[in-house]
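Reader: Please take one part of this predicted model and look at it closely. I would like a connected account of what surrounds it.

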Amino acid sequence: MDDQASISVKDQVSAEEWKARCDLAALYRLVFMHGWDDLFFTHISMRVPGPEEHFLLNPFGLLFEDVTASNLVKIDLEGNVLPPSQYGINPAGFTIHSAIHHARPDVKVIMHLHTDQGVAVSAQKRGLLPISQSAMTVMKDVAYHGYEGIALEEDEKERLVADLGGKNLMILNNHGTLTTGDHPFSCYVRMYMLERACKMQTMAQGAELVEWGKDMQDRVYSQGEQAFTNEFFKEIAWAALRGRVDRQSPGYDA
């Protein structure tokens with residue numbers, strides 16, 4: 001039955017949408033492989049190529065290791081499932097992702113997590129500190145959004161988008177981390193750097209920290225920028241990560 005469903009979905013969508021589905025399913029598997037998943041309470045979305053403002057989101061209730069290209073749910077900015085599906089979506093996920101996809105046409109992929117280290121740093125008044133290379137690689141591009149409870153209220157969208165502005169990473173206070181990208185690798189590697197920086201920060205606390213000033217922060221950010229912007233590198237790196245998923249969590253592209 002699963003094989004038939006896979007064939008059916010693949011036959012119903014464009015080649016561009018099928019590729020987006022496979023890339024997004026691979027991102028879900030990578031999050032699972034890192035241990036970043038929170039059962040099914042976080043979410044990653046990807047814009048569907050084409051003129052319509054449609055995007056793909058995980059089926060609410062499925063574990064990340066069970067997400068596949070075929071069972072991803074396609075929705076519009078009003079939350080309508082296209083076409084009708086046996087699965088629903090996380091309402092908080094819709095609030096966050098629909099707001100950003102609508103406001104930021106440059107964003108193709110959005111990832112939101114609730115890891116222990118990410119939430120720990122999000123609960124600290126000073127936020128992310130310039131104490132590691134990983135932190136300084138991204139921190140100039142990090143925005144902050146104040147906690148408003150579970151993201152279910154329509155009017156939070158405006159404040160979320162205003163706080164993000166033109167940046168590509170966000171720490172949601174007392175909540176978690178979020179990254180965006182114009183490519184699956186850009187979104188992923190920003191989260192990889194941010195999550196590692198948060199983990200290092202929580203591990204280092206309790207000692208006297210060495211914090212670097214603005215000049216060093218600017219220097220490291222500039223040095224690391226190629227990882228997010230070089231088109232050739234993004235394609236090579238993403239192919240390598242898809243290869244890792246092929247080996248360690250096969251079946252995502254069904």
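Author: What follows starts with one lysine, then turns to a strand pair and a helix.

Lys74 is found in strand β3, residues 73-76. Is Lys74 buried or exposed? Its relative accessible area is 15%. The cut-off for buried is under 20%, so Lys74 counts as buried. The side chain of Lys74 has a polar partner: a contact of 3.0 Å joins it to the side chain of Glu17. Glu17 also appears among the residues that Lys74 touches beyond four places in sequence. The others are Arg21, Val48, His54, Phe55, Leu56, Asn80, Val81 and Leu82.

Next, a strand pair. Strands β5 (residues 142-145) and β6 (residues 169-172) run parallel, joined by four bridges. Within this pair, Tyr144 of β5 stands opposite Ile171 in β6. Between the two strands, the chain passes through helix α6, residues 156-164. This β-α-β crossover is right-handed.

Last, helix α8, residues 214-224. Which residues of α8 are buried? They are Gln217, Val220, Tyr221 and Gly224. These buried residues span an arc of only 100° around the axis, so they lie on the same side of α8. The other side of α8 carries exposed residues: Asp215, Arg219 and Gln223. What covers the buried residues of α8? The cover includes α5 (133-138) and α9 (226-229).

Methods: Residues numbered from 1 in each chain as written. Predicted model: local features only at pLDDT ≥ 70, side-chain atom pairs only at ≥ 80, totals over all residues. Heavy atoms only, no water. Buried < 20%, exposed > 50% of the residue type's maximum accessible area, 1.4 Å probe, protein only. Polar contact = N/O pair within 3.5 Å; in protein donor to acceptor, adjacent residues only side chain to side chain. Contact = heavy atoms within 4.5 Å. Pairing = 2+ DSSP bridges. Right-handed = clockwise from strand over helix to strand, strands pointing away. Arc of directions from axis to C-beta.
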